[in-house]
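Biologist: I'd like to learn how to read a model like this one. Can you walk me through it?
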Amino acid sequence: CFGHKIAGNWVAWGMNDYGQLAVGHTTDQLAPVDVPLLLTDTLYIDCGRRHCFGLKNTGHWVAWGKGNGGELGLGTHSHHSTPQNVSLLGTDTVSIALGAYHTLGVKASGAVVAMGAGGYGQLALGDGRNKLSPTHVPLLGTPTRCMWRLLLLCFKGLGRLGFLGFEFVWTASPRSHRRPSIFPTKRVARS
């Protein structure tokens, strides 16, 4: 877990077996400890199962923790217990959403990039392979927000969502289709 103090510094606690707390080692922390490697210039943190991304005030992204599936987007299978600059994302990535072993990023243009474990179709690339660095997702279109459940689910066009009154999501189907499937999941209130 991470906490952001009023003074602007970050604290972390909990499981740290892959360095996901960004404290420079892999010892679990039973109580909050300061994270000096995440200075006050880190505006936002999002975490998956054992990896995390942070947004710097410069617009650059940093990542740390488990990386054997490529979920850190660093082009390697390495784990990191300290924040690493994810230069391959650039500063035009405006949003990040992390799954258990994968990461999706949304560019300012609305384009989506995916990295990490893709064996169950989580990356929506249609090939079922892991990606070590951010890879453009041509099949997805332009989502407006993302969230994590067992697989990362991305919502299609907010205008259509409000107009139709349904929540549409993509995910790998239980029948092992490795392309995005769009299906209504539940009725939502119109905005």
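Biologist: Let me start with the strands. How many bridges join strand 6 to strand 7?

Modeller: Keep in mind that this is a predicted model. Strands 6 and 7 run antiparallel, and 3 bridges join them.

Biologist: Which residue in strand 7 is the bridge partner of Val-62?

Modeller: That's Asn-85.

Biologist: What sheet do these strands belong to, and in what order do they come?

Modeller: You're looking at an open sheet of 4 strands in the order 4-5-6-7, with antiparallel pairing. The edges are taken by strand 4 (42-47) and strand 7 (80-85); each has a single partner strand, so one side of each has no neighbour in the sheet. From one strand to the next, the twist averages 20°.

Biologist: And the sheet with the order 1-2-3, is its pairing parallel or antiparallel?

Modeller: Antiparallel, in an open sheet of 3 strands. Strand 1 (2-4) and strand 3 (29-34) are the edge strands here, each pairing on one side only. On average, neighbouring strands of this sheet are turned by 15° against each other, direction ignored. Strand 2 (residues 10-14) is joined to strand 3 by 3 bridges, and Val-11 has Asp-34 as its bridge partner in strand 3.

Biologist: Now the aromatics. How many aromatic pairs does the structure hold?

Modeller: Just 1. For ring pairs, look at the distance between centres and the angle between planes; over 60 degrees counts as edge-to-face. Phe-2 and Trp-64 have centres 5.9 Å apart and planes at 70°, so by that cut-off the pair is edge-to-face.

Biologist: Where in the chain do the two partners sit?

Modeller: In distant parts: Phe-2 is in strand 1 and Trp-64 in strand 6 (residues 61-65), 62 residues apart.

Biologist: Are Phe-2 and Trp-64 buried or exposed?

Modeller: Both are buried. They also belong to the largest nonpolar core, which has 12 residues, including Trp-10, Leu-21, Val-35, Ile-45 and Val-62. Strand 2 and strand 6 are the elements that give two or more residues to this core. There's a second, separate core as well: 11 residues, among them Val-86, Leu-89, Ile-96 and Leu-98.

Biologist: What does Phe-2 touch, leaving out residues up to four places away in sequence?

Modeller: Its contacts include Trp-10, Leu-21, Leu-38, Cys-52 and Trp-64. Val-11 is also touched by Phe-2, and that's the residue we met earlier opposite Asp-34 in strand 3.

Biologist: I'd usually check the cysteines next. Which ones form a disulfide?

Modeller: For this, you compare sulfur positions, with a cut-off of 2.5 Å. Cys-47 and Cys-52 form a disulfide, with their sulfur atoms 2.4 Å apart, and the count comes to 1 disulfide. The link between Cys-47 and Cys-52 is right-handed, with 105° about the S-S bond.

Biologist: Why does Cys-47 count as partly exposed, while Cys-52 is buried?

Modeller: Go by relative accessible area: under 20% is buried, over 50% is exposed, and in between is partly exposed. Cys-47 has 32%, so Cys-47 falls in between. Cys-52 has 3%, so Cys-52 is buried.

Biologist: Why is the sulfur of Cys-1 not bonded to the closest cysteine sulfur?

Modeller: Because that closest sulfur, in Cys-47, is 8.4 Å away, too far for a bond. Cys-1 counts as exposed, because its relative accessibility is 55%.

How values were computed:
Residues numbered from 1 in each chain as written. Predicted model: local features only at pLDDT ≥ 70, side-chain atom pairs only at ≥ 80, totals over all residues. Heavy atoms only, no water. Pairing = 2+ DSSP bridges. Axes fitted to C-alpha atoms, helices over the stretch in contact; angles between N-to-C directions. Phe/Tyr/Trp six-rings, centres within 6.5 Å; stacked < 30°, edge-to-face > 60°. Buried < 20%, exposed > 50% of the residue type's maximum accessible area, 1.4 Å probe, protein only. Core = buried A, V, L, I, M, F, W, Y, C linked by side-chain atoms within 4.5 Å. Contact = heavy atoms within 4.5 Å.
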